[in-house]
Amino acid sequence: MIELSGVTKYYGNFCALDGVSFSVGKGEVLGLLGPNGAGKTTAMRVLTCFIPATTGTATVAGFDVFENSLEVRRRLGYLPETPPLYPEMTVRSYLNFIADIREIPVKMKRAKVDSAVVRTALGDHIDRVIGTLSKGYRQRVGLAQALLHDPEVLILDEPTVGLDPNQIIEIRGLIQNLSADHTVILSTHILPEVSMTCKRVAIINEGRIVAVDSVENLEQKGSNSTRFKIGLKPAGIDWKKAVESVEGVRVEHESVRGEHVFFDLTLPAEAAYEKVFRAVVGKGHLFTEITPSRASLEEVFLKLTHTDEPSSSERREAA
Amino acid sequence: MKILAIMRKELQTFFYSPVAYIVFSSFLLVVGYLFWIVLVTSKVATLQPLLYNAAFILLLVSPVLTMRLISEERRSNTIELLLTSPISPVEIVIGKFLACFILYLMLIILTFQYPGILWSYAQNLDWGPIISGYIGIILLGAAFISLGLFASSVTENQVMSAMISFGGLLLFWLCGWAKTALENSLGEVLGKLSLFDRFSEFLRGIVDSGNVIFFLVFTITFLFLTTRVLESDRWR
């Protein structure tokens, strides 16, 4: 549905995007994740035909964003970083205006506006002047504007910024509902948001894509499979000796709750698990919990975006 | 359809903000004062001096009407909404032009009371120069607004936009003076470009097709330049 290949964007001699390539399939929700200034907004602006790429191509639904910009724009809903609102208009007149420029037939206008209002829970505020709305409500009006015409592709630049926790949960639910028949790209620097709403993540840093994968795979990548959370119902007090029967095994954070013990287990090598677990079971101890501990997306993110060379941004400007 | 949407939105904006009311009331106040002073001092039933002065006041007023049209969209990032919607820069520019032109026509219609007042006292009023003068003022308005719209598209600052259109309009208003000063071909060209020289022919009761075409070409040129500025955002 969406394809970027080798998209590079220079602002003067500052390189904002450097050979960015990724694709998003129909009905997929892709999270564009990166620190501030990584190039998320620039990538979205290229996709929405707002700015052209210096080199490389981008297509939406098979249409090139530069050659066939009008066809692309017909299929897009876009929520920019700052919601594009006219403060002197009421919510209703604003959404009617959007319906007009989005080529919605007059007959369907009312229904579309009403449905967008319901989906973003703006019902009580429809006759308020936008300038008097709070930031959260403005964000919702921006979102209503983006999905008013049921676009095939939704591009949301930090959709939950400025919302309170309840609204964030609502908006996330909304995005998940939309993913059934829309293709969504959303950018964020809030990590839990990605794991909750997106199936796939593209991590972008200093204008380059450093990883594109599913949330699970990324979490797995960031972890080492030698750490486990263990729950044990020991047969005797010698359980610890059984666990440590293999050289190099570490037991940490022990706690006893009733007749169970819980601890973190670190193996010297991945293959050692079989020997350790057999030894423990052989002594008559019972496992009640074995959870491989995975790195959080946070750790993966830090690992991938952390650069040791402080000169990397200078190098980028020189390019 | 999309042009009408833009036009309606701009008209709403004009009347939701105090700008339209302030412009209307100050324009009518000044024109009313001039009508009275001209009539009392000259005691002649002619509208020519009033129309000449009204045209100059409109030159001062129209940058105020046009200054926010595009610059405000840039400043508040709503330009991002317009340019990522399936609407072309031509439609945006024409919609905005029409909205402003309608407002301008409203101003003009409100001055129809003055020929009316003259007519109620002087039954032998010469309607020819009055009608041609009004045609001139309407064409002049299209030119004022198109240049103002262009000035508004090149900056995101309303004050700067207004200053650019003031400067531009005054230059085009006064450049005819160079004709007598230079007495060469450059002076001739500047004389031909003068909005004032062209307009004063209408005041004398002459509707010359060359002058009509000049105003139309002037307007279309600046509207075209404005669409180019908007489009250039997309390839820069």
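Modeller: A word on terms first: helices (H or I, at least four residues) and strands (E, at least two) are DSSP runs, numbered from the N terminus. Also, this is a predicted model.

Colleague: Thanks! In which loop of chain A is E206(A) found?

Modeller: E206(A) is not a glycine, yet has a positive phi of about 50 degrees. On either side of its loop come β9 (200-205) and β10 (208-214) of chain A. E206(A) is thus placed in the loop between β9 and β10.

Colleague: Does E206(A) count as buried or exposed?

Modeller: A residue needs 20 or more other C-beta atoms within 10 Å of its own to be buried. E206(A) has 20 C-beta neighbours inside 10 Å, so E206(A) counts as buried.

Colleague: And how does D150(A) count, with its own neighbours inside 10 Å?

Modeller: D150(A) is another residue other than glycine with a positive phi, near 45 degrees. D150(A) sits in the loop between α5 (135-147) and β7 (153-157) of chain A. Exposed would take 12 or fewer neighbours and buried 20 or more. Because D150(A) has 15 C-beta neighbours inside 10 Å, it counts as partly exposed.

Colleague: On to the open sheet of chain A: which are its edge strands?

Modeller: Four strands form this sheet, with antiparallel pairing, in the order β12-β13-β11-β14. From one strand to the next, the twist averages 20 degrees. An edge strand here pairs on one side only, and that description fits β12 (250-257) and β14 (286-292) of chain A.

Colleague: Which residue in β14(A) stands opposite F228(A)?

Modeller: Strand β11 of chain A covers residues 227-233 and pairs with β14(A) in the antiparallel sense over six bridges. Opposite F228(A), in β14(A), stands P292(A).

Colleague: What about chain B: what is its radius of gyration?

Modeller: Chain B has 13 helices and zero strands. Its C-alpha trace spans about 60 × 45 × 30 Å along the principal axes. For 236 residues the globule rule gives 18 Å, and chain B comes close to that, so it is as compact as a globular protein of that length, with a radius of gyration of 19 Å.

Colleague: Finally, which element gives the largest share of the side of chain B that touches chain A?

Modeller: The contact takes 21 residues from chain A and 19 residues from chain B. On the side of chain B, the elements giving two or more residues are α1 (2-16), α5 (78-83) and α13 (209-235). That side divides into eight nonpolar, seven polar and four charged residues. The largest share, six residues, comes from α1(B).

Note on methods: Residues numbered from 1 in each chain as written. Chains lettered and ligands numbered in written order. Predicted model: local features only at pLDDT ≥ 70, side-chain atom pairs only at ≥ 80, totals over all residues. Contact = placed C-beta atoms within 7 Å. Nonpolar A, V, L, I, M, F, W, Y, C, P; charged D, E, K, R; others polar. Pairing = 2+ DSSP bridges. Axes fitted to C-alpha atoms, helices over the stretch in contact; angles between N-to-C directions. Rg over C-alpha atoms; globule rule 2.2 N^0.38 Å.
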